[in-house]
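Reader: I should be grateful for a close look at one helix of this model and at what covers its buried residues. Please then place that helix in the wider setting of the fold.

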Amino acid sequence: MATLFDGLTIGDIKLKNRIIFAPMTRSRANDEGVQPDFVAEYYEQRVSGGLSITEATNVSPMAKGYVRTPGVYTPQQIESWKKVTERVHTKDGKIFMQLFHTGRIALPDFLPGNTSPVAPSAVKAAGENYTDDGMKEFVEPRELSVDEIAVIVQDFATAAKNAIEAGFDGVEIHGANGYLIQQFLSTNVNKRTDGYGGSIENRSKFLFEILDAVTEAIGSERTGLRLSPGGEFNDIKEDDAEELYKYVIAKLNDYGLAYLHIGTFDQNRDWHPVLSPLYSGVYFAGVGFDKDRAEKVLADGGADAIVFGKLFLANPDLPERFRQNAPLNTPDESTFYTPGEKGYTDYPFLEMAKAV
Ligand SMILES: Cc1cc2nc3c(=O)[nH]c(=O)nc-3n(C[C@H](O)[C@H](O)[C@H](O)COP(=O)(O)O)c2cc1C
């Protein structure tokens, strides 16, 4: 019976516990997607988890959907990430970089030449996105050509190689939360009539092409994947979610990935008991976990490790607090995406909290 404090092997690396630091966009990079030095301190502070997964990182200039998000496609970006991996490894931590392309969620404000974002089909998302000039409505994206799809697949592979060059232990492909990969998986954004649209097999082709390219580039043992079945975040609909993800997971069983991370904002269903038994590799369960629920799911064999988001963001020493059943700091939503160190590197550790 596993506990949060047992070790776990993923690919070729050993995690010291099963408490995973969730990928979280924090918008502290500069306009060139380069991380400032204090980002290394933030990740170093949270090194006591078994594995940290970075904020979603842009694989190319066209991938950028949010202000001040980092990239991993220029030498300057790669250099800035090296400081993060060095600090984490010096403290005996393990860290994967999450890679994404936001597709139709990008606003022209973030894209080269203020061009239109791209998507499987020209279907605009309902809703708005944050810019420094205030909230702006999503725009109609341009449909990708087959040649452009091939370029994006290669962008993921190059970004994965760059992440390894920057010292990461591996990468997590972001197939969740309504970004480009889930736009292809969906039934409402993907209206294509070619080999990338229609059937479940066709809609998941883009995901598997990316996995093929990335695992070929850096090895399956260094590749993880996040999916969010049934999640409607960013205006996604999957009419056949159960069938779709059962198909995807059956196929993933042949990939030998480092792990599969399922974390979804589907309010109507707990997907972990449905999907975890179908997956033969290492299964990370995320979203909405506290210590009690995490321990129960691990004890029941419902997951191999648990991913914590807001609790870890606000408690850099979350594993120690869990060990001691200590009180937890409250996350400050007003500083989730603001520039600078406030609400970022200044959450108190346990001893500091006691000292005040
Ligand atoms: C500030 C913030 C930024 C986030 N950014 C990302 C992201 O970049 N990539 C991702 O996969 N999920 C992202 N998420 C979702 C988290 O990984 C996690 O699934 C979510 O916080 C729910 O888990 P929790 O209940 O433990 O907080 C973000 C969440 C928050 C609060």
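Author: The buried residues of helix H1 are covered by elements that include strand S4 (51-53), H2 and strand S6 (95-100). Helix H1 itself comprises residues 38-45, and its buried residues are Val39, Ala40, Tyr42, Tyr43 and Glu44. The model in which this packing appears is a predicted one.

One of the elements over H1, helix H2, spans residues 75-90, and the loop between strand S5 (57-58) and H2 contains Arg68. The backbone of Arg68 merits attention: its phi is positive, near 55 degrees, although the residue is not a glycine. Most residues other than glycine have a negative phi. Arg68 is also buried, as 20 other C-beta atoms lie within 10 Å, and 20 or more is the count at which a residue is classed as buried.

A comparable case is Asn234, another residue that is not a glycine and has a positive phi, here about 65 degrees. Asn234 sits in the loop between strand S12 (223-227) and helix H7 (241-252). Asn234 is likewise buried, with 25 other C-beta atoms within 10 Å.

Helix H9 offers a further example of how a helix packs in this model. Within H9, residues 291-299, the buried positions are Ala294, Val297 and Leu298. These three lie on the same side of H9, because the arc they cover around the axis is only 100 degrees. Exposed residues, namely Asp292, Lys296 and Ala299, are found on the other side of H9. The partners of the buried residues of H9 are helix H8 (272-275), strand S14 (283-286) and strand S15 (305-308). After H9 comes Gly301, with a positive phi near 75 degrees.

The ligand has its own surroundings. Its shell holds 21 residues, and the closest are Ala22, Thr25, Ala56, Gly309 and Lys310. By character, the shell consists of 10 nonpolar, 8 polar and 3 charged residues.

As for the wider setting, the protein contains 12 helices and 15 strands. Its radius of gyration is 19 Å, close to the 21 Å given by the globule rule for 356 residues, so the protein is as compact as a globular protein of that length. The C-alpha trace extends over about 60 × 45 × 35 Å along its principal axes. Of the 356 residues, 49% are buried. Where contacts join residues at least 6 apart in sequence, 72% of them link residues at least 24 apart.

Notes:
Residues numbered from 1 in each chain as written. Predicted model: local features only at pLDDT ≥ 70, side-chain atom pairs only at ≥ 80, totals over all residues. Near = placed C-beta within 6 Å. Nonpolar A, V, L, I, M, F, W, Y, C, P; charged D, E, K, R; others polar. Buried ≥ 20, exposed ≤ 12 C-beta atoms within 10 Å, placed from the backbone. Helix = DSSP H or I, 4+ residues; strand = E, 2+ residues; numbered from the N terminus. Arc of directions from axis to C-beta. Contact = placed C-beta atoms within 7 Å. Rg over C-alpha atoms; globule rule 2.2 N^0.38 Å.
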